[in-house]
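Me: Could you take me through one part of this protein slowly? I would like a close look at the second largest pocket and what surrounds it.

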Amino acid sequence: MEKMLTGCAHTLKKCRMVSVLTGAGISAESGISTFRGKGGLWEKYDPEDLATIDGFNRDPERFWRWFDERRIEVSRAEPNPAHLALAEMEKHFELFAVITQNIDGLHAAARSSLIIELHGNIWRVRCTRDNELSENRDIPLREIPPRCYCGAILRPDVVLFGEPLDPATLNRAYILSETCNAMLVVGTSAVVYPAAHLPLIAKRAGAYIIEVNPEVTPLTPICDFSFREKASVILPELKRLLE
Ligand code: BJW
């Protein structure tokens, strides 16, 4: 492991532009549940039922009860050493972008400078009548489902299955994937598209792909470095070796 870490740091030192794709695994050690796998959210809930726009429309109250639990969990979470290491690593590169599938806001709390939130943010809500955006940090929610001042039901400003990602946000992620010299892929099962496509774009454009995940993923075969370890173990070590 030590030898692979040194080799990886050596490779990163040659890079000017680095992009990072993160998923639920990077926040697992902050106490936030992942989606898939052992102990994941989908063991308890059916994603077809809940994390889809049809699920929301069918029963907004049920959806919001589930989402309120998640907001409570996220409100208690702090960035862990993996988020902090990424924020500190950025000073070594001309461009260092964190593209995250997470909605928990922990990269911002760790003070990363350039963050692309592909799937939205847990604290933003959107009016289902006129799409007006606002922030709602009530823990727990005062009413379920929460309502806009106009009376319409609010929805979270997150991307549910079957919904398109914001085109401008996705476009920035594509550009950062096409132009980076290396992409770190941290804590994602890499099965949800279009996010899972980004490392493939980076690889095709000639970037090094570095994966940090205790489990093998569909991306593992294309990786130049693949660390079968927790993010909070590997990222602080990589950061140290870049100093
Ligand atoms: C650790 C660790 C530690 C643990 N350290 N690691 C192409 C092919 C096939 C299907 C599709 C396709 N294109 C689109 C689709 C359909 C669909 C999709 O991808 N389905 C697949 C599941 C098959 N995609 C969509 O519907 C997307 N929309 C779309 O494409 O729209 C097109 C369209 C165009 C025009 C009109 C209409 C539509 C939208 C996807 C939205 C995903 N939404 C969610 C919920 C967000 C809100 C919320 O949080 O509630 O996003 S689902 C959920 O999965 C969430 C996550 O961001 C996402 C990814 O999960 P992630 O982060 O990878 O987490 P896990 O749990 O899967 O993995 C955790 C990993 O961490 C594991 O590997 C662990 O081993 C590891 N780990 N501890 C490091 N300490």
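Reply: Here is a walk through that pocket, starting from the domains and sheets around it.

A word on the model before we begin: it is predicted, so local features need pLDDT of at least 70 and side-chain atom pairs count only at pLDDT 80 or more, while totals for chains, interfaces and linings use all residues. Residues are numbered from 1 along each chain as its sequence is written, and side-chain values use heavy atoms, with hydrogens and water left out.

The chain is divided into domain 1 (1–31 + 79–119 + 165–243) and domain 2 (33–76 + 122–158), with bounds that come from an automatic or database domain assignment. Taken over C-alpha atoms, the centres of domain 1 and domain 2 are separated by 27 Å. Their contact (heavy atoms within 4.5 Å) takes 11 residues from domain 1 and 13 residues from domain 2.

Now to your pocket. A pocket is found on a 1 Å grid over the protein atoms alone, as an open set of points with protein on both sides within 12 Å along at least five of seven lines; its lining residues have an atom within 4 Å of a point. The second largest pocket holds about 190 Å³ of space, where a volume is the space filled by probe spheres (1.4 Å probe) set on grid points joined across faces, edges and corners. It has 14 lining residues, and the closest to its centre are Gly-120, Arg-126, Asp-157, Val-159 and Asp-166. Two elements, β4 (120–127) and β6 (154–158), give two or more residues to this lining. Strands such as these are DSSP runs of E with at least two residues, helices are runs of H or I with at least four, and both are numbered from the N terminus.

What is the lining made of, by class? It divides into four nonpolar, three polar and seven charged residues. Here Ala, Val, Leu, Ile, Met, Phe, Trp, Tyr, Cys and Pro count as nonpolar, Asp, Glu, Lys and Arg as charged, and the others, Gly among them, as polar. Where does the pocket sit relative to domain 1 and domain 2? Both domains give residues to its lining, so the pocket lies between them.

Let's follow β4 and β6 into their sheet. They belong to an open sheet of three strands, in the order β5-β4-β6 with antiparallel pairing; two strands pair if DSSP finds at least two bridges between them. Because β5 (133–135) and β6 stand at the edges with a single partner strand each, one side of each is left without a neighbour in the sheet. On average, neighbouring strands here are turned by 45° against each other, direction ignored. Between β4 and β5 there are three bridges, and Arg-126, which we met by the pocket's centre, stands opposite Leu-133 in β5. Helix α6 (residues 60–75) packs on this sheet and touches β4 and β6, its direction making about 140° with that of β4. Such angles run from 0 to 180 degrees between N-to-C directions, with axes as lines fitted to C-alpha atoms, for helices over the stretch in contact.

Elsewhere in the model, six strands form an open sheet with parallel pairing, in the order β3-β2-β1-β7-β8-β9. Its neighbouring strands are turned by 15° against each other on average, direction ignored. Helix α9 (residues 167–179) lies across β1, β2 (95–100), β3 and β7, at about 130° to β2.
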